[in-house]
Amino acid sequence: MTAHGREGLANSDGKGGTKGPMSVIAGLTAAKATLELTTKVMDLLNRPNVDVHAVRGHVQEMLIHVVNAQVALGEAHVEISDLRHELEDREAIKALEADMDFRVDGGFFVRKSEAQKGLIAYCPVCWKKDGHTIPLRTSETPGWYHCSVHNTVFETAASREYQRRQAIAGSRSPGGGSGSWM
Ligand SMILES: [Zn+2]
């Protein structure tokens, strides 16, 4: 991994609600209140003359707390899954950043994971500015690449040398151009 590959997307994003733990706390509070009311109800039921009115009131209160707990836990579930997706996205970006390797000769990026596939070059502007991995267009000239988004040409030293020789060959044999004089 090169110095260029690091700073890329590190500062993107950073927002995300702080209400995450709140819904869990609300759920716990509601559950605690329900338990406390259960104790009260049991106490009332254990008395010789059961106060039905008081028991009913406590049971209704318990129902409200249970519904609140259900809502709060539902919210917590959604928040946790959102955070999990965010984490997966960040890990994917980190893995991609580690995979992108800057080539000084040519001034473009390649992916370490694609080393077996031959040279697939990526536009440094597309990658560093927008976070997009857009393969550069190739041509019949080896080492010559073009970004169709930015209309920029990238050439390796070998490509420039190849073109120089082609030009010399072309000037020596006007009919051809592809002939090698070496
Ligand atoms: Zn580009």
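Modeller: Before we start, strands (E, at least two residues) and helices (H or I, at least four) are DSSP runs, numbered from the N terminus. Two strands pair if DSSP finds at least two bridges between them.

Colleague: Cool. What kind of model is this, and how are residues numbered?

Modeller: It's a predicted model, where local features need pLDDT of at least 70, side-chain atom pairs count only at pLDDT 80 or more, and totals for chains, interfaces and linings use all residues. Residues are numbered from 1 along each chain as its sequence is written.

Colleague: So which strands make up the open sheet?

Modeller: Three of them, in the order β3-β4-β5, with antiparallel pairing. Because β3 (137–138) and β5 (152–155) stand at the edges with a single partner strand each, one side of each has no neighbour in the sheet.

Colleague: How many bridges join β4 and β5?

Modeller: Four, and the pairing is antiparallel. β3 pairs with β4 (residues 144–147) over two bridges.

Colleague: Who sits across from His 146, then?

Modeller: His 146 of β4 stands opposite Arg 137, and its bridge partner in β5 is Val 153.

Colleague: And the turns? Which residues there have a positive phi?

Modeller: Gly 143 does, near 80°, in the β3 and β4 hairpin, with five residues between the strands. In the β4 and β5 hairpin, with four residues between, Asn 151 has a positive phi near 50°.

Colleague: Switching topic: what does β1 pair with?

Modeller: β1 (residues 100–103) runs antiparallel to β2 (residues 108–111), joined by four bridges. Arg 103 has Phe 108 as its bridge partner in β2. This hairpin has four residues between its strands, and Gly 106 in the turn has a positive phi of about 120°.
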